[in-house]
Amino acid sequence: MSDLLGRLRGRGWRMTAQRRVVAEVLDGEHIHLTADEVLARATARLPEISRATVYNTLGELVTLGEVIELATDGRAKRYDPNAHRPHQHLVCSGCGAIRDVHPGGDPLADLPDGERFGFSVATAEVTYRGLCPDCTRG
Ligand SMILES: [Zn+2]
Ligand SMILES: [Zn+2]
């Protein structure tokens with residue numbers, strides 16, 4: 001559960017109507033929306049919201065560390081509110097659906113010292129790819 005709104009309230013984030021709508025659109029589980037999808041959903045709730053406000057608010061939430069920006073190969077960046085529970089992603093090669101997953105191991109710890117080439121390694125991302133049930137039925 002991301003509880004983005006609760007976290008933002010807890011840290012005293014300035015909550016205008018427009019900013020609240022952006023946070024509401026992103027709140028929830030398995031949320032990985034592009035900026036344009038956030039804009040479309042925010043506009044459905046608050047027609048006067050501006051594109052600039054949506055984009056600026058997304059940037060601010062990323063800077064705060066409350067939302068993760070996912071770069072997915074060739075597709076538009078996606079915004080993920082599940083910023084505080086380390087997780088990896090399961091991506092459908094057919095439709096692009098994304099689920100949060102929690103593999104048993106720690107991908108960072110799993111890289112042997114002999115394969116670190118003197119790097120001080122900070123993060124690791126694993127993407128599992130395949131076809132979701134809908135696309136398998138295709
Ligand atoms: Zn699919
Ligand atoms: Zn995620």
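**Packing of helices α2, α3 and α4**

Helix α2 passes α3 in a right-handed crossing. The residues that form this contact are V21, V22, V25 and L26 on the α2 side and V38, R41, A42 and R45 on the α3 side. By class, the contact of α2 with α3 comprises six nonpolar and two charged residues, with no polar ones. The two axes come within 9 Å of each other and cross at roughly 120°; α2 and α3 are therefore oblique to each other. The model from which this description is drawn is a predicted one.

The setting of this helix pair is a protein chain with five helices and six strands. From the N terminus on, the order of the elements is α-α-β-α-α-β-β-β-β-β-α. Along the principal axes, the C-alpha atoms of the chain fill a box of roughly 55 × 40 × 25 Å. The chain has 138 residues, and buried residues make up 20% of them. Among contacts between residues at least 6 apart in sequence, 50% join residues at least 24 apart.

Helix α3, which spans residues 35–45, repays closer inspection. Its buried residues are V38, L39 and A42. Viewed down the axis of α3, these buried residues fall within an arc of 100°, so they line one face of the helix. The general geometry of helices is relevant here: an α-helix has 3.6 residues a turn, so residues three or four places apart point the same way. The face of α3 turned away from the buried side carries the exposed residues D36 and A44. What do the buried residues of α3 pack against? Their partners are two helices, α2 (17–26) and α4 (51–63), together with the strands β1 (33–34) and β3 (78–80).

The contact of α3 with α4 may be described in similar terms. The axes of α3 and α4 lie 10 Å apart, and the helices pack at an angle of about 125°. Helices α3 and α4 are therefore oblique to each other, and their crossing is right-handed. On the α3 side the contact is made by A35, V38, L39 and A42, and on the α4 side by R51, V54, Y55 and L58. The residues of this contact divide into seven nonpolar and one charged, with no polar residue. V38 and A42 of α3 thus appear in the contact with α4 and also in the contact with α2.

The remaining pair consists of α2 and α4. Their axes are 10 Å apart, with a packing angle of about 65°, and α2 passes α4 in a right-handed crossing. Here Q18, R19 and V22 in α2 meet T53, V54, T57 and L58 in α4. By class, this contact has three nonpolar, three polar and one charged residues. V22 of α2 takes part in the contact with α4 as well as in the contact with α3. On the α4 side, V54 and L58 meet α2 and also belong to the contact with α3.

Two loop residues merit attention for their backbone geometry. H30, in the loop between α2 and β1, has a phi near 55°, a positive value in a residue other than glycine. H30 is partly exposed, with 15 other C-beta atoms within 10 Å. F117 lies in the loop between β5 (98–101) and β6 (127–130). Although F117 is not a glycine, it has a positive phi of about 50°. Is F117 buried or exposed? With 7 C-beta neighbours inside 10 Å, F117 counts as exposed.

Conventions. Residues are numbered from 1 along each chain as its sequence is written. Chains are lettered from A and ligands numbered from 1 in the order in which they are written. This is a predicted model: local features need pLDDT of at least 70, side-chain atom pairs count only at pLDDT 80 or more; totals for chains, interfaces and linings use all residues. A residue is buried if 20 or more other C-beta atoms lie within 10 Å of its own, exposed if 12 or fewer, and partly exposed in between; C-beta atoms are placed from the backbone. Helices (H or I, at least four residues) and strands (E, at least two) are DSSP runs, numbered from the N terminus. The arc is that of the directions from the helix axis to the C-beta atoms. Two residues are in contact if their C-beta atoms, placed from the backbone, lie within 7 Å. Axes are lines fitted to C-alpha atoms, for helices over the stretch in contact, and angles run from 0 to 180 degrees between N-to-C directions. Angles under 35 degrees count as roughly parallel, over 145 as roughly antiparallel, 65 to 115 as roughly perpendicular and the rest as oblique. A crossing is left-handed if the near helix is turned anticlockwise from the far one by less than a right angle, and right-handed if clockwise. Ala, Val, Leu, Ile, Met, Phe, Trp, Tyr, Cys and Pro count as nonpolar, Asp, Glu, Lys and Arg as charged, and the others, Gly among them, as polar.
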